[in-house]
2 protein chains.
Amino acid sequence: MSERVTAGVVLIGDELLSGRTRDINLQQIAQFLAPLGIPVIECRTVSDEEDHIVEAVNALRRRCTYVFTTGGIGPTHDDITADSVAKAFGVHIGERADAMAILDEWYSRTDTPLTESRRRMARIPDGAALVANPVTGAPGFQLENVFVMAGVPKIARGMLEDIAPRLTRGAVTHAVTVSAGGLREGDIADALRALQDAHPGVSLGSYPFFVEQPGGAIKRGTNLVARSTDEGELETVAKALEALILEAGGIPARIAE
Amino acid sequence: MSERVTAGVVLIGDELLSGRTRDINLQQIAQFLAPLGIPVIECRTVSDEEDHIVEAVNALRRRCTYVFTTGGIGPTHDDITADSVAKAFGVHIGERADAMAILDEWYSRTDTPLTESRRRMARIPDGAALVANPVTGAPGFQLENVFVMAGVPKIARGMLEDIAPRLTRGAVTHAVTVSAGGLREGDIADALRALQDAHPGVSLGSYPFFVEQPGGAIKRGTNLVARSTDEGELETVAKALEALILEAGGIPARIAE
């Protein structure tokens with residue numbers, strides 16, 4: 001039995017904490033890593049302040065197999081992630097020739113001046129490996145088990161593709177969702193608890209939903225999600241979920257993942 | 001000068017870390033608190049595990065004026081937030097008469113059996129004040145500076161309304177967004193840095209955007225966001241942003257908040 005492979009996520013940016021922007025990178029990273037058998041076990045969202053970034057990166061890189069950060073690696077004054085990660089590791093950071101060559105090539109192709117600010121994007125901590133950015137050129141980097149990515153979701157997605165081959169894979173967690181139309185959580189909670197107790201190898205989650213219909217009526221129900229690395233046991237539990245929903249007077253429906 | 005009033009947010013739920021659900025509560029809470037002068041300074045997303053919840057709540061309740069948690073207060077086996085918060089404070093938790101009276105009244109109105117599982121929603125830590133739930137009855141609670149709310153966004157929103165009068169207000173941070181159509185971050189980064197240095201009382205953020213147009217062309221630009229509690233200085237900086245965008249050959253446009 002190999003050790004569990006896990007991920008932590010650090011989302012960096014004042015715009016996330018102010019409510020200006022609704023994050024999508026946590027979901028994107030989690031969905032990307034799931035088929036690789038790497039579950040995200042914690043996420044911290046921090047402001048563009050060095051000590052906050054340092055603390056979050058240091059906490060999670062000790063706790064998780066891998067850490068993924070998003071945001072703060074652009075050319076502007078509020079982009080301080082590279083320097084903060086270098087500080088977290090206690091290593092030197094400076095302009096690196098390999099990163100500068102990428103920027104040079106990228107900007108010369110479009111006749112864009114390589115300003116002092118743009119040169120900052122070639123600042124890479126000592127010992128780090130670069131992460132390719134297929135969208136806007138400026139690279140991210142990997143320092144030990146920490147991957148530093150852009151905040152723009154499309155760029156982060158491209159960087160994940162470059163990172164994937166470097167990751168040790170774990171046991172893939174499979175999920176089955178059975179929707180219990182018409183039932184509230186409380187209608188099935190007792191039966192659900194008994195099922196969970198009988199299957200400690202499966203994680204059962206219960207999520208009520210309220211959908212407003214055309215005309216204003218509210219359609220209620222509860223989604224039951226079973227998760228496990230054991231597909232056989234998962235199927236047994238999924239069938240038991242359908243049975244307990246019927247028993248409680250609801251209408252079970254499997255939802256494709 | 002009064003002390004700065006701040007908030008921390010703890011989002012609780014495996015479904016957020018698995019990528020099944022994209023969180024909206026951080027944005028909702030931040031946008032609700034902003035007009036009250038209470039900025040969110042950190043957010044942690046944790047799984048439905050007691051030690052993770054305890055650690056996050058304890059870290060943030062010491063660092064922030066207020067902490068808001070969402071998720072894990074329903075009737076099912078995976079709802080362990082109330083017990084975890086009691087443990088974080090080291091206080092006893094048990095079924096409380098005032099909470100039970102609310103459930104009794106709510107469920108008897110709809111002829112719904114008050115099952116063992118539903119009774120769990122009356123478990124409230126000693127010393128906590130209840131938070132009203134206008135959507136489904138079962139209350140949240142306040143223990144010292146920690147507010148425990150539901151995860152369903154509509155219910156969390158209702159609970160925030162009940163909580164608002166209990167909060168000490170701080171200085172409101174105002175924001176102005178000036179969009180720089182056609183400019184990349186690097187085109188204005190040097191000028192932006194100089195403007196930031198000249199106005200340390202204003203926080204300047206720079207956010208590139210890429211919008212796919214009908215037909216497939218990508219419209220690029222950068223949104224510049226200035227934030228300050230001083231509206232006069234903010235207007236000065238907003239005008240300076242418009243000027244530096246024009247200077248760089250872009251088209252400035254203020255975006256209403």
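**Notebook: sheets, rings and the axis**

I began with helix α8 (residues 185-198) of chain A, which lies across β9, β10 and β11 of chain A and runs at about 165° to β10(A). I then turned to helix α9 (residues 231-247) of chain A, which packs on the sheet, touching β9, β10, β11 and β12 of chain A, with its direction making about 5° with that of β9(A). For both entries, contact means heavy atoms within 4.5 Å, and axes are lines fitted to C-alpha atoms, for helices over the stretch in contact, with angles from 0 to 180 degrees between N-to-C directions. Helices (H or I, at least four residues) and strands (E, at least two) are DSSP runs numbered from the N terminus.

I note early that this is a predicted model, in which local features need pLDDT of at least 70 and side-chain atom pairs count only at pLDDT 80 or more, while totals for chains, interfaces and linings use all residues. Residues are numbered from 1 along each chain as its sequence is written, chains are lettered from A and ligands numbered from 1 in the order in which they are written, and side-chain values use heavy atoms, with hydrogens and water left out.

**The four-stranded sheet**

I looked up the strand order beneath these helices and found an open, antiparallel sheet of four strands, β10-β11-β9-β12 of chain A (two strands pair if DSSP finds at least two bridges between them). Its edge strands are β10 (203-212) and β12 (251-255) of chain A, each pairing on one side only. From one strand to the next, the twist averages 25°. Within this sheet, strand β9 (residues 174-181) and strand β11 (residues 218-228) of chain A run antiparallel and are joined by eight bridges; Thr177(A) stands opposite Val225(A) in β11(A).

**The twelve-stranded sheet**

I next traced the other sheet, an open one with mixed pairing, whose twelve strands follow the order β6(A)-β7(A)-β8(A)-β3(A)-β1(A)-β2(A)-β2(B)-β1(B)-β3(B)-β8(B)-β7(B)-β6(B). The edges are taken by β6 (129-133) of chain A and β6 (129-133) of chain B, each with a single partner strand, so one side of each has no neighbour in the sheet. Here the twist averages 20° from one strand to the next. Helix α4 (residues 81-89) of chain A packs on this sheet, touching β1 (7-12), β3 (66-70), β7 (137-143) and β8 (146-149) of chain A, and its direction makes about 15° with that of β7(A). Helix α7 (residues 153-163) of chain A lies across β3, β6, β7 and β8 of chain A and runs at about 130° to β6(A).

I stayed with β8(A), which pairs with β3(A) in the parallel sense over four bridges and with β7(A) in the antiparallel sense over three. Thr70(A) stands opposite Met149(A), and Phe141(A) stands opposite Val148(A). In the hairpin of β7(A) and β8(A), with two residues between the strands, Glu144(A) takes a positive phi near 50°. Val146(A) and Val148(A) point one way from β8(A), Phe147(A) and Met149(A) the other way, and all are buried (under 20% relative accessible area, against over 50% for exposed and in between for partly exposed, with a 1.4 Å probe and protein chains only).

**Rings**

I counted rings of Phe, Tyr and Trp (its six-membered ring) as paired if their centres lie within 6.5 Å, planes under 30 degrees apart being stacked, over 60 edge-to-face and the rest tilted. By this rule there are four aromatic pairs over all chains. Tyr66(A) and Phe147(A) have ring centres 6.0 Å apart and planes at 55°, so this pair is tilted. Tyr66(A) belongs to strand β3 and Phe147(A) to strand β8 of chain A, so the pair ties together parts 81 residues apart in sequence. Phe68(A) and Phe147(A) form a stacked pair, at 5.3 Å centre to centre and 15° between the planes. Tyr66(A), Phe68(A) and Phe147(A) form one aromatic cluster. Phe68(A) counts as buried at 0% relative accessibility.

I also checked charges over rings (NZ of Lys or CZ of Arg within 6 Å of the ring centre and within 35 degrees of the ring normal). The charged end of Arg118(A) sits over the ring of Tyr107(A), 5.1 Å from its centre, and Arg118(B) lies over the face of Tyr107(B), at 5.1 Å from the ring centre.

**The two copies**

Finally I looked up the superposition, done by least squares on the C-alpha atoms of residues with pLDDT of at least 70 in both copies. A rotation of 180° with 0.0 Å of shift along its axis superposes chain B on chain A, with an RMSD of 0.0 Å. The two copies are therefore related as by a two-fold rotation axis. Of the residues of chain B, Arg44(B) comes closest to the axis, at 2.3 Å (C-alpha). I noted last that 100% of the interface residues of chain B are also interface residues in chain A, so the copies meet through the same surface.
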